[in-house]
Amino acid sequence: MTIPDPQRPRSGSDILRIALRRNVGAMARGTVLMGLYQAGETAFPIALGLIVEHTMRDRGPGALVLSIAALAVIITTVSLSWRFGMRILQKANTTEAHRWRVRVADCGLQPVAGDAGVRSGEVLTIATEDADQTADIIEVVPLLISSLVAVLVAAVALGLADPGLGLLVIVGTVTILSVLSVMSRRIGCSTREQQARVARAGAKVADLITGLRPLHGFGGNHAAFRSYRKVSAEAKHQAVTVAGVNGVYAGTAAALNAALAVAVTLTAGGLAFDGRITLGELVMAVGLAQFIMEPLRMFSDMPKYVMTARASAERMALVLTAPPVAVPGARRPAADGGLEVDGIRHGALHGLTFRVPAGAFVAIAAYQPRAAVDLADVLAVRVPPRAYEGTVRLGGQELAGLSVEAVREHLLVNPYDAEIFAGTLRTNIDPSGRSRTVPEAVEASVLTDVVALHREGLDHAVRDRGANLSGGQRQRLSLARALAADTDVLVLHDPTTAVDAVTEQLIARNIARLRRGRTTLVITSSPALLDAADRVLVLDDGRITAEDTHRNLLATDRDYCRAVAR
């Protein structure tokens, strides 16, 4: 029986509830301190009114010292409570945003990730901006409560002076919030649309950057730029719309708050003129009328932030609640038990069957590039097992029945376009920092010239996507990373297409030597790699049509000779 995860959200509202429940302690401490801050702010004009009342009766130096001491205590309380209260709340906010960011990223990085209907660029936006805006709810609730405390203290203080003043503050506050709550719904709808359009623009630019080189190759870059310009303009237009709605909201809130403050001031002045309140109470009322605008402003801003947080939480829920494309099993394969592909039908593959024995070095010469890509995708679990016919076995166990962690531990598929990350050569080769074969991997991939070229060696800085490296250097760096992982089964897809023939010969021999006794499959058309393999499988029209050594195939198969000879 599967016990449901109580921390697994089902909607945006669930995400907000989980965030609030996880930070109850921090929010309670922050609320107390922020409430103390607002109470201190409210106490300042009250204290001034009392001081005026007291000094009108007793004008001695003792009264002056006592008044200054009281004001000093209030100011100190206000300063310290704000500082420590905001520190607690912002720390909780940042921590909560990081938790959701990691969770969204984890969902997006799973090889059997759910189909959320969003692209990778959109997932990036959700994991950053939306996670931050959702976590803002941690600060919103305490600030809302503390602002309410300030309004209530002011209403009680004014009510003690004259019940009409207190009633005016309460009625005015309820009216302001009623008007602004209606307006905040429009902000929520506009914000959701803006976030969606910004995410689409982010996805478009991510695709554009990835495909910029091939686009330049056939002159498609201008059409791609026009496409991006269109979605960017849509995002800009929506951002202007949201800014306009926010401007109307802020202007309305400021006008209503000012109207309430003016009403309180004029009412208190009339009461003082009629002698119904004292001079000290008038000073208190005027001071509170000025002060109350700040908590009212914060109070009136809260619905907007709540709607924004809810809109962001709903977008995160798209990723977090998406059902998985495939449910991984829990079994583990036998260590270095080889690789079997049995009757795979997917894309350009039509009943593909072959076996790579444990410890063998096998190469596949794919006549159709699409078939090579489809095979690499199936082996890398980028295609869920239920989406294709046939079976893939790793270490004698079906891939569909293995846990994701077991597949990653035993099988590595290195694509021809593997990403290069911002960092150093060393962190790109060994991201985990636990590999013991980094020097051997660097030598096998013939990356030694790049390391020797820079004074920092392996600590030479690498820009995002390897912008400061040549195409061949990026490819060798990716190959070094794959070799340094030292997995039981390694699958390489066109690892040498960007290097010269001499370097290719060295890499082929080095891979064969370094991987001796480990299961290795290379999908390639490189004669050097094909010659270094123990045997070569010919993949034509989606199935294996021939099998032999590279040299025997060159001598006996004319089609093979034409396909791979350079």
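In this predicted model, six strands form an open sheet in the order 6-9-10-3-11-12, and their pairing is mixed. Two strands lie at the edges, strand 6 (411–414) and strand 12 (543–548), each of which pairs on one side only. Direction ignored, neighbouring strands of the sheet are turned by 20° against each other on average. In general, the strands of a sheet pair through backbone hydrogen bonds, in either a parallel or an antiparallel sense.

One pairing within this sheet joins strand 3 (residues 361–366) to strand 11 (residues 535–540); the two run in the parallel sense and are linked over five bridges. Within this pairing, Ile364 has Leu537 of strand 11 as its bridge partner.

From the strands, the description passes to the helices. Helix 16 lies across strand 6 and strand 9 (489–493), and runs at about 175° to strand 6. Helix 16 thus involves the edge of the sheet, since strand 6 is an edge strand.

Helix 16 (residues 471–485) also packs with helix 17 (residues 501–514), at an angle of about 5° and with the axes 12 Å apart. Because angles under 35 degrees count as roughly parallel, helix 16 is described as roughly parallel to helix 17. On the side of helix 16, the contact is made by Arg476, Leu479 and Leu483, which meet Thr503, Ile507, Ile511 and Leu514 of helix 17. By class, the residues of this contact divide into five nonpolar, one polar and one charged.

Definitions and conventions: Residues are numbered from 1 along each chain as its sequence is written. This is a predicted model: local features need pLDDT of at least 70, side-chain atom pairs count only at pLDDT 80 or more; totals for chains, interfaces and linings use all residues. Side-chain values use heavy atoms; hydrogens and water are left out. Axes are lines fitted to C-alpha atoms, for helices over the stretch in contact, and angles run from 0 to 180 degrees between N-to-C directions. Helices (H or I, at least four residues) and strands (E, at least two) are DSSP runs, numbered from the N terminus. Angles under 35 degrees count as roughly parallel, over 145 as roughly antiparallel, 65 to 115 as roughly perpendicular and the rest as oblique. Contact means heavy atoms within 4.5 Å. Ala, Val, Leu, Ile, Met, Phe, Trp, Tyr, Cys and Pro count as nonpolar, Asp, Glu, Lys and Arg as charged, and the others, Gly among them, as polar. Two strands pair if DSSP finds at least two bridges between them.
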